[in-house]
Amino acid sequence: MNDKLTHFNEQHRARMVDVSDKEETRREAVAKSRITMKPETLERIREGRVSKGDVLAVAQVAGVMAAKKTWELIPMCHPLPLTGIDIRFAFVGSDTLDVEATVRTTGKTGVEMEALTAVSAAALTVYDMCKAMDKGMVIGPTCLMSKTGGKSGDFHRIEE
């Protein structure tokens, strides 16, 4: 692991890293988030009985839109030509919804932030659409599950 912080210049001020000399490679990142809620709330999402509409469809679109706009939200992120974004949901037990995003590009820098932003926005959208019936929902943990491509090599989280 490289301990050098590349987002700081010689004056220790934040900067966007110059990737001009880096090779373009195929890159992929997978991130995951989780929303825990009342069992009744999850059941209404599952059955499509939320008055604001299809929660998962709206959250999926929010995740895709967020990934595409990551560079506008996170100050030191580069604008990237994303080649693929896939958002998936899984019902876990009676009170948990998992959100997973896979983001791909061929470029000079990775898509970890885009995948993390996608699952975060999707989870926040679920919260927004269901908060009238369950303000106690909890979002998290949110984490990078894997990334491939680039100089730093591959990463795969070992789930416990």
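Ile74 sits partly exposed in this predicted model, at a relative accessible area of 30%. The residue is found in the loop that runs between helix H3 (70-73) and strand E2 (82-92). Together with Leu73 and Met113, Ile74 makes up a nonpolar surface patch of about 250 Å².

Stepping back to the whole protein chain, there are 4 helices and 6 strands. Read along the sequence, these elements come in the order β-α-α-α-β-β-α-β-β-β. The C-alpha atoms fill a box of roughly 50 × 30 × 25 Å along the principal axes. Of the 160 residues, 38% count as buried. The accessible surface comes to about 9,600 Å², and carbon and sulfur atoms account for 54% of that. As for how the chain folds back on itself, take the contacts between residues at least 6 apart in sequence: 68% of these join residues at least 24 apart.

Helix H1 covers residues 39-47, and Thr41, Leu42 and Ile45 are buried there. Looking down the axis of H1, these buried residues fall within an arc of 95°, so they line one face of the helix. What do they pack against? The partners of the buried H1 residues are helix H2 (55-68), strand E2, strand E3 (96-107) and helix H4 (112-130). Just after H1 comes Gly48, with a positive phi near 70°.

Two of those partners, E2 and E3, also pair with each other. The two strands run antiparallel and are joined by 10 bridges. One of the pairings puts Ile85 opposite Val103, its bridge partner in E3. E2 and E3 form a hairpin with 3 residues between them, and Gly93 in the turn has a positive phi of about 65°.

Then there are the charged side chains. A search of the whole structure turns up 9 salt bridges. In one of them, the side chains of Asp98 and Arg34 meet at 2.6 Å, N to O. This pair ties together distant parts of the chain, with Asp98 in strand E3 and Arg34 in strand E1 (residues 25-36), 64 residues apart. Which side of the pair is buried, and which is partly exposed? Asp98 is the buried partner, because its relative accessible area is 7%, under the 20% cut-off. Arg34, at 29% relative accessibility, counts as partly exposed. The two do not stand alone, as Lys32, Arg34 and Asp98 are linked in a network of salt bridges.

A further salt bridge brings together the side chains of Arg88 and Asp86, at 2.8 Å from N to O. Here Arg88 counts as partly exposed at 29% relative accessibility, and Asp86 is partly exposed too, with a relative accessible area of 34%.

Asp128 likewise forms a salt bridge, in this case with Lys131, and their closest N and O atoms are 2.4 Å apart. Asp128 is partly exposed, its relative accessible area being 36%, and Lys131 also counts as partly exposed, at 30%.

Technical notes. Residues are numbered from 1 along each chain as its sequence is written. This is a predicted model: local features need pLDDT of at least 70, side-chain atom pairs count only at pLDDT 80 or more; totals for chains, interfaces and linings use all residues. Side-chain values use heavy atoms; hydrogens and water are left out. Patches are made of residues with over 30% relative accessible area and no salt bridge: like charges are joined within 9 Å, nonpolar side chains (Val, Leu, Ile, Met, Phe, Trp, Tyr) within 5 Å. Accessible areas come from the Shrake-Rupley method with a 1.4 Å probe; for residues, only the protein chains shown count as cover. A salt bridge is a side-chain nitrogen of Lys or Arg within 4 Å of a carboxyl oxygen of Asp or Glu. Buried means under 20% relative accessible area, exposed over 50%, partly exposed in between (1.4 Å probe, protein chains only). The arc is that of the directions from the helix axis to the C-beta atoms. Contact means heavy atoms within 4.5 Å. Two strands pair if DSSP finds at least two bridges between them.
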